[in-house]
Amino acid sequence: MADKYCIYLRKSRADLEAEARGEADVLVTHRKNLLELAESRGYTIGKIYEEIVSGDTIAARPEMQKLLREVESRNWCGVLVHDIERLARGDSIDQGIVTRAFKFSSTYIITPGKVFDPNNYYDEEHLEFDLFMSRREYKMINRRLQAGRQAGARDGRWLGGPPPYGYDSQRLHREKGYTLVPNQDADTIRAIFQLYVDDPKLGTVRLCNKLNDLGYRSPTGKLFNVGIIKDILRNPIYAGYVTWGRRGYVKTVKDGEIIYNYPRHKEYPIYRGRHEPLITEEVWNAAQEKLKKRSFPVPRSKTLQNPFAGLLICGKCGHKMQARPQSGGQYIYCHHYCGMVSARIDEVESSLISALRKWLADYQAASKLPVQSEREIDALEAALTRLNNDIAAIDEQRARAFELVETGVYTPELFKERQSLLTARRDRIADAAAHTREEIDRLHRAEQTKQTLIPRVASVINTYETTESAQEKNSMLRSILSRIVYSKTTTTMSETGSDLTLTLYPVIPATDH
């Protein structure tokens, strides 16, 4: 085991709140205290881990993960930490991972008050008890925090975090907490609601396009999309209310890993806020009534509905395109509304099959000269052998130069000049060898593509149109294509008038050469 120690520093949520109030940086204080402790005891510090995130679990703390890997590898004799709860304040599983790593590696845990030997029965019991009490304290603090936040919502205060578009957060005068004040984007919010309410025929899609055409931009400075517009229209904050639990997280476990989801809850408490509303109650109610009338239930199916999912890329903005049901069938569209014209899925499928047939015919025509390709590979491999032999010869000359300078045949100046010339020559030959290897690999990949991809593409062309499942179609396309770039500027849907074009990027098989 290495006779070295390391330090682990982590900010807690309370530390972050204290720093927000203007108090000193906790990590700086803890680092100073632990370095003084190490110096007083003669410990050699090999590394300092600083965790600047306050995560509830080990999975959310990258520095802790690195520390545990090195502890398990027995890289450290001991780990200095300000207090036990800095190591693990998660659930019993995380605490078990920590104690097991330290116990099986016989690594000490050193705090200013005590040195824990995980293989000592009493220390192990003490460690487990401290971790248990730490977790219990964390739960109590979290409950008090949530109760305080809910009380703040009932009192109409802003609960913190990034303020909504159109507002800035501002600390309440002589009170705890924050409220919201309108900023320069408030007029954009008023325009969104007014445009939507005043025109009965204006839906969220047309509203989005109209805002973009008028020069309005989203909170990120980019074009508006329908998702952002709907979030704004459904947010009670603009009518002068604050909410509690509108977008709370839900924990799920998949393959032993905790996953956080943030669904929009349909029902949640609403309280009158202290901030100035940007729209009237009448405009808010009219917008909600219109949203309710214009919405239609979309069946949530667990089966894939879009055969191009994850493959089709907008040729204008580079985002992945999506499918949406409309009158007349399913349509492919860019949800960033960059100006790319949408198309029916069957139109895209017809264009794709035509593009695949053309690509296959061109590729087969270009690959009808296998003998030439084989001769080229043979010539390149022979050249590579010569280059490698030249490199080996130069290495031998460099080795002899060392012997000659040691025996006095070469003066130091002559040796240095000779070595410089040999090194420069070797570098040139090594570069040539590297380029030759790359060219050989390219030709091997082309040959392997011909042998594997061509039959695969032919199979997809023959079976795609008779396949009904979108999931199966998607799998078939993914087996031959890495992506498809979509471009269309006209609203015409006929094959003769449409300018829909698809650029295909085939999957190049890996090669062992």
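Hi everyone. Let me start with how this chain folds back on itself: among contacts in the protein with a separation of 6 or more, 64% are between residues 24 or more positions apart. Please keep in mind that this is a predicted model. The protein has 513 residues, and 37% of them are buried. Its secondary structure comes to 13 helices and 17 strands.

With that picture in mind, let's look at some charged pairs. Side chains of opposite charge can pair when their charged atoms come close. How many salt bridges does the structure hold? The count is 16, and I'd like to walk you through three of them.

Let's begin with E124 and K103, whose side chains meet in a salt bridge at 3.2 Å, N to O. E124 sits in helix α5, residues 121-154, while K103 belongs to helix α4, residues 92-104, so this pair ties together parts that are 21 residues apart in sequence. K103 is partly exposed, at 29% relative accessibility.

Next, please find R274 and E175. Their side chains form a salt bridge of 2.8 Å, N to O. R274 is in the loop between β11 (270-272) and α9 (281-294), and E175 is in the loop between β6 (167-171) and β7 (178-182), so the bridge ties together parts that are 99 residues apart in sequence. Are these two buried or exposed? Neither word quite fits: R274 is partly exposed, with a relative accessible area of 35%, and E175 is partly exposed too, at 38%. This pair also has company, since D155, R157, E175 and R274 are linked in a network of salt bridges.

My third pair is K473 with E349, where the closest N and O atoms are 3.1 Å apart. K473 lies in helix α13, residues 470-478, and E349 in helix α10, residues 345-366, so here the pair ties together parts that are 124 residues apart in sequence. Both partners are on the buried side of the cut-off: K473 has 12% relative accessibility, and E349 has a relative accessible area of 14%.

Now for a charged residue without such a partner. Where is R61 placed? Look in the loop between β2 (45-51) and α3 (62-72). R61 is buried yet has no salt bridge. The nearest side chain of opposite charge is E51, 4.3 Å away, and a salt bridge needs a nitrogen and a carboxyl oxygen within 4 Å. What the side chain of R61 does reach is the backbone oxygen of R86, at 3.1 Å.

Let's finish with some helix packing. Two packed helices are described by the angle between their axes and the distance between the axes. Take helix α7 (residues 204-213) and helix α8 (residues 226-233): their axes come within 9 Å and cross at roughly 105 degrees. That makes α7 roughly perpendicular to α8. On the α7 side the contact involves T204, V205, L207, C208 and L211, and they meet V226, I229, K230 and L233 in α8.

Helix α8 has another neighbor to show you. Its axis and that of helix α6 (residues 186-198) come within 11 Å and cross at roughly 90 degrees. So α6 is roughly perpendicular to α8. From α6, the residues making the contact are I189, I192, F193 and Y196, and from α8 they are I229, I232 and L233.

Thanks for listening, and do have a look around the model yourselves.

Technical notes. Residues numbered from 1 in each chain as written. Predicted model: local features only at pLDDT ≥ 70, side-chain atom pairs only at ≥ 80, totals over all residues. Heavy atoms only, no water. Helix = DSSP H or I, 4+ residues; strand = E, 2+ residues; numbered from the N terminus. Buried < 20%, exposed > 50% of the residue type's maximum accessible area, 1.4 Å probe, protein only. Lys, Arg positive; Asp, Glu negative; His and termini not counted. Polar contact = N/O pair within 3.5 Å; in protein donor to acceptor, adjacent residues only side chain to side chain. Axes fitted to C-alpha atoms, helices over the stretch in contact; angles between N-to-C directions. Parallel < 35°, antiparallel > 145°, perpendicular 65-115°, else oblique. Contact = heavy atoms within 4.5 Å.
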